[in-house]
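Grab your viewer and work through a few short exercises. Try each task before you read its solution.

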Amino acid sequence: MSDFVDRQRRLLLGAALSGVAAAPFALAGHALAQAAPSGGPARASSSKRLEPLRHVDAGVLNIAYYEEGPATGPAVILLHGFPYDINCYVDVAPQLAAQGCRVIVPYLRGFSETRFRDAATLRSGEQAALGADVIALIDALGIKRAVFAGLNWGGRGASVAAALWPDRCRGLATVNSYLIQDISRAMVPIAPEDEAALWYEYYFQIERGRAGLAANRRGIARMLWEEWSPDWDFDDATFERAAAAHDNPDFVDVVIHSYRHRFGLADGDPHYADLQRRLAALPAITVPAITLDGDADGILPASDGSASAAKFSGRRVHRVVPGAGHNVPQEKPEAFAAAVMELIKS
Amino acid sequence: MTGKAFAQGGSAAPARAPSSRRLEPLRHVDAGVLNIAWYEEGPATGPVVMLLHGFPYDIHSYVDVAPQLAAQGCRVIVPYLRGYGPTRFRDPATPRSGEQAAIGADLMALMDALGIRRAVFAGYDWGGRAACIGAALWPERCIGLVCVNSYLIQDIARAMVPAKPEREVPLWYQYYFQIERGRAGLAANRRGIAKLLWEQWSPNWDFDEACFERTALSHDNPDYVDVVIHSYRHRFGLAEGDPQYADIQRRLAALPAISVPAVTLDGEADGVAPATDGNASAARFTDRRAHRVIPRAGHNLPQEAPEAFVAAVMELVKA
């Protein structure tokens with residue numbers, strides 16, 4: 001543990017790369033090389049991208065992903081959300097790689113260069129599909145077990161995969177705790193203020209919302225970033241780096257299907273019917289888990305984690321991350337990386 | 001002069017009726033498919049002004065406007081719309097439609113029932129829409145139109161054309177109401193939703209709890225949820241209209257012009273329908289039309305800035 005703390009301290013200080021020479025791989029952490037300005041931790045510049053991308057056939061998809069770190073290291077799958085992209089891990093990925101992890105950061109279905117292999121496959125955004133994609137990816141890469149970590153859709157994909165394939169999961173790190181949707185209760189209203197924050201989900205229920213997303217995907221994404229992360233001072237380049245991933249030809253279909261399916265208002269892909277049936281039972285997470293809430297999250301307000309406690313039957317630690325909004329890995333990468341490393345070391 | 005609002009000498013700010021004041025007593029009349037509850041004030045022989053409220057409000061949007069107009073000689077009629085307050089459907093089998101043609105037809109039915117030949121139609125939100133429809137389709141019954149947010153007849157054929165994201169966000173409730181969760185939410189939280197909308201739409205309006213509750217009571221009407229949900233689905237073309245209004249709706253689909261004199265008002269701080277210079281709707285007004293932006297006012301303009309609303313009505317009465 002002291003080694004971990006020491007490394008963490010060095011990273012925070014932007015220490016010379018030679019200081020972590022014990023790691024059996026070249027430290028790719030561009031972000032780390034930048035000295036931290038005036039006390040804050042260093043951050044990758046908005047011009048840095050997680051690249052090059054690799055591509056692999058995995059189930060119904062050809063998945064584009066970024067990889068960093070030693071091939072023999074413990075694998076960590078970092079899963080992004082909506083309306084973000086893999087660059088929400090632009091600081092997390094090198095920090096984990098620097099600590100010996102093999103980091104895999106895939107583009108979800110409908111994002112960037114990830115493609116459906118068959119034009120006839122339903123452009124489903126349902127939760128079962130997101131979980132199945134994680135397993136298909138690690139199968140394709142020959143990875144037996146990994147830490148699944150994510151936020152938003154990615155946290156859901158991670159939760160689904162951890163719940164249904166615990167033998168493939170070393171541990172789960174999610175933002176906003178247990179994210180498997182209880183579609184049977186999707187028609188139960190919540191407090192008006194919280195419903196208002198879900199405006200985009202209701203908008204997407206009708207064809208005007210589909211047309212609006214197609215026409216204004218950047219405008220909608222930017223508004224959601226601002227609403228969900230009120231304290232995050234991202235610049236245009238940072239936004240555009242992610243928004244470019246939404247130009248995927250399947251983005252609109254997958255997003256609209258995702259938000260309709262979760263309300264029971266779109267049929268699922270029959271291919272995932274068995275998985276969805278199992279998810280409808282709200283299966284427990286049996287693997288070790290760390291759940292994080294951003295204390296400034298504008299869409300899912302921070303909680304003490306107790307409401308979802310019964311859904312975690314293994315070890316589970318819950319933390320509220322100060323100053324973080326919804327996009328915790330990009331806003332507070334140290335907190336996210338620390339959660340993953342705790343799961344790796346446990 | 002019954003204008004209590006005027007009688008109370010304040011320093012700079014105009015006086016306002018206290019939140020305990022209600023527009024009462026109410027009267028009731030069978031009018032078309034409804035039995036309409038309404039408030040009346042002013043001389044029976046005066047020029048008639050129909051004051052039409054919106055969602056999620058009630059007749060107390062006119063709590064200051066009504067006495068000011070009455071004091072200036074108008075006969076003021078302030079009805080509860082279908083689904084609000086003590087207004088009731090006469091037949092349980094009548095569809096609880098909230099479509100635009102229905103609220104326009106209700107206005108005509110009320111005037112017929114009261115034997116009123118011509119009146120100024122004045123309103124905002126749903127009430128402004130009813131006023132526009134009455135003025136457009138029955139100009140011979142209309143002395144003039146006062147409307148917040150200009151031309152309000154819905155172009156349902158274009159309802160699926162998206163607006164800019166920042167304009168879609170304030171419409172969250174309209175999208176919410178498209179699905180059954182929204183219906184359940186409105187039924188369970190009608191006060192919570194109304195209050196949130198009041199706050200979002202009128203950021204400068206410092207209403208108190210009693211003022212809100214005075215109005216929110218009118219949303220306990222047994223038809224409120226059905227009428228509201230139908231209204232917000234129909235305007236997107238996602239609910240069928242009541243066949244008895246099909247002819248009227250067909251005429252409205254052509255976006256008929258307003259051929260009577262009109263004064264249109266926008267609240268400078270309106271949080272749901274932002275203030276404009278009125279130009280975009282200019283072609284819809286073929287007679288005299290004045291457009292004004294009222295400083296600091298939000299969406300509930302007659303309650304927030306009653307003097308400006310009264311002045312607009314009186315200009316039409318005197319013209």
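The exercises below go from the chain contact to aromatic pairs and then to a single residue in a loop. Keep in mind that this is a predicted model.

**Exercise 1. Work out how many residues chain B and chain A each put into their contact, and what area is buried between them.**

Step 1: Start with the residue counts. Chain B gives 26 residues and chain A gives 26 residues.

Step 2: Now the area. About 2,200 Å² is buried between chain B and chain A, and carbon and sulfur atoms account for 75% of that.

**Exercise 2. Find the salt bridges and polar contacts between chain B and chain A, then describe the side of chain B that touches chain A.**

Step 1: Count the salt bridges: there are two between the chains. One of them joins the side chains of B:Arg181 and A:Glu195, with N to O at 3.0 Å. The cut-off is 4 Å, so that distance passes.

Step 2: Look for polar contacts across the interface. Eight residue pairs turn up, with both residues at pLDDT 80 or more.

Step 3: Ask which helices are involved on chain B. At least two residues each come from α5 (165-168), α6 (172-176), α7 (180-188) and α8 (190-201).

Step 4: Sort the chain B residues on this side by character. You get 17 nonpolar, five polar and four charged.

**Exercise 3. Classify the ring pairs A:Tyr178 with A:Phe312 and B:Trp172 with B:Tyr173.**

Step 1: Get the overall tally. Over all chains, the whole structure holds 54 aromatic pairs.

Step 2: Take the chain A pair. The ring centres of A:Tyr178 and A:Phe312 sit 6.4 Å apart with planes at 85°, so call this pair edge-to-face.

Step 3: Place both residues. A:Tyr178 is in the loop between β7 (169-175) and α6 (192-197), while A:Phe312 is in the loop between β8 (289-294) and β9 (316-321), so the pair ties together parts of chain A that are 134 residues apart in sequence. Both A:Tyr178 and A:Phe312 are buried.

Step 4: Repeat for chain B. With centres 6.3 Å apart and planes at 80°, B:Trp172 and B:Tyr173 also make an edge-to-face pair. B:Trp172 has 2% relative accessibility, so it counts as buried. B:Tyr173, at 3%, counts as buried too.

**Exercise 4. Decide whether A:Asp250 is buried or exposed, and list its contacts beyond four places in sequence.**

Step 1: Locate A:Asp250: the loop between α10 (236-243) and α11 (251-261) of chain A.

Step 2: Check the accessibility. A:Asp250 comes out at 8%, so it counts as buried; the cut-off is under 20%.

Step 3: Leave out the neighbours within four places in sequence. A:Asp250 is then in contact with A:Gly110, A:Phe116 and A:Arg123.

Definitions and conventions: Residues numbered from 1 in each chain as written. Chains lettered and ligands numbered in written order. Predicted model: local features only at pLDDT ≥ 70, side-chain atom pairs only at ≥ 80, totals over all residues. Heavy atoms only, no water. Contact = heavy atoms within 4.5 Å. Buried area = accessible area lost by both parts, 1.4 Å probe. Polar contact = N/O pair within 3.5 Å; in protein donor to acceptor, adjacent residues only side chain to side chain. Helix = DSSP H or I, 4+ residues; strand = E, 2+ residues; numbered from the N terminus. Nonpolar A, V, L, I, M, F, W, Y, C, P; charged D, E, K, R; others polar. Phe/Tyr/Trp six-rings, centres within 6.5 Å; stacked < 30°, edge-to-face > 60°. Buried < 20%, exposed > 50% of the residue type's maximum accessible area, 1.4 Å probe, protein only.
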